Amino acid sequence: MDESKRCAACKMDIHLEATRCPHCRERQPGAEPMHRGGPERVVGGVCTALARQLRLDVALVRVAFVLALAMTAGTALMVYGLLWALTPASALAKAPVQRLVDWLSRVTNAAREDEPRVERRV
């Protein structure tokens, strides 16, 4: 028999290992977001994050990456870099791209605050 649990938001029965409810798309308690951190992390942690998300063995994902790297003549390395940039290092951290965007917004807002304000009166 297929084990199930109830969604906290919509009260529908969902698969026991589901991280999101297929009915209301609400994240289930205890389901952590994809991140690169962990004891199995070797280089950038992308293969570890993919293995954890797909519930596969880390070694299998690493072998698949090396095969993809050989077959795509380096395109897989760009995909790895993109995944590294978009995946946070820990469950509570921000991704490198998000940190860059936050920094740029702070820098541009600081520049605006330094400008003299001109008030137009009609």
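What follows is a dialogue on how terms are applied to this predicted model.

Biologist: What are the ground rules for numbers and cut-offs here?

Modeller: Residues are numbered from 1 along each chain as its sequence is written, and side-chain values use heavy atoms, with hydrogens and water left out. The model is predicted, so local features need pLDDT of at least 70 and side-chain atom pairs count only at pLDDT 80 or more, while totals for chains, interfaces and linings use all residues.

Biologist: What is the confidence in the chain, and where is it lowest and highest?

Modeller: pLDDT is the predictor's confidence in each residue, from 0 to 100. Its mean over the chain is 79, and 77% of the residues reach 70 or more. Strand β2 (residues 13-15) has the lowest confidence, at a mean of 75, and α2 the highest, at 92.

Biologist: What makes a stretch a helix or a strand, and how many of each are there?

Modeller: Both are DSSP runs, numbered from the N terminus: H or I over at least four residues for a helix, E over at least two for a strand. The chain has four helices and two strands, in the order β-β-α-α-α-α from the N terminus.

Biologist: Why is Thr48 called buried or exposed?

Modeller: Buried means under 20% relative accessible area, exposed over 50%, and partly exposed in between, with a 1.4 Å probe and protein chains only. Thr48 has 2% relative accessibility, so Thr48 counts as buried. Thr48 lies in helix α1. Over the chain, 21% of the 122 residues count as buried.

Biologist: What does the side chain of Thr48 make a polar contact with, and what makes that pair qualify?

Modeller: A polar contact is a pair of N or O atoms within 3.5 Å; within protein, one must be able to donate a hydrogen and the other to accept it, and residues adjacent in sequence count only if both atoms are side-chain atoms. The side chains of Thr48 and Arg62 make such a contact at 3.4 Å.

Biologist: How do you know whether Tyr80 is buried or exposed?

Modeller: Tyr80 has a relative accessible area of 15%, so Tyr80 is buried. Tyr80 is in helix α3.

Biologist: Which residues is Tyr80 in contact with, beyond its neighbours within four places in sequence?

Modeller: Contact means heavy atoms within 4.5 Å. Tyr80 is in contact with Val43, Gly44, Gly45, Val46, Cys47 and Phe65. For Gly44, the backbone nitrogen lies 3.1 Å from a polar atom of the Tyr80 side chain. Val46 is 34 residues from Tyr80 along the chain, with 6.8 Å between their C-alpha atoms.

Biologist: Why is Arg55 called exposed, and what is its phi?

Modeller: Its relative accessible area is 51%, so Arg55 is exposed. Arg55 has a positive phi of about 55° although it is not a glycine, and is found in the loop between α1 (46-54) and α2 (58-71).

Biologist: Where is Ala73, and why does Ala73 count as exposed?

Modeller: Ala73 is in the loop between α2 and α3. Relative accessibility is 74%, so Ala73 counts as exposed. Ala73 also has a positive phi, near 55°.

Biologist: Why does Leu86 count as exposed, and where is Leu86 found?

Modeller: Leu86 stands at 52% relative accessibility, so Leu86 counts as exposed. Leu86 is found in helix α3.
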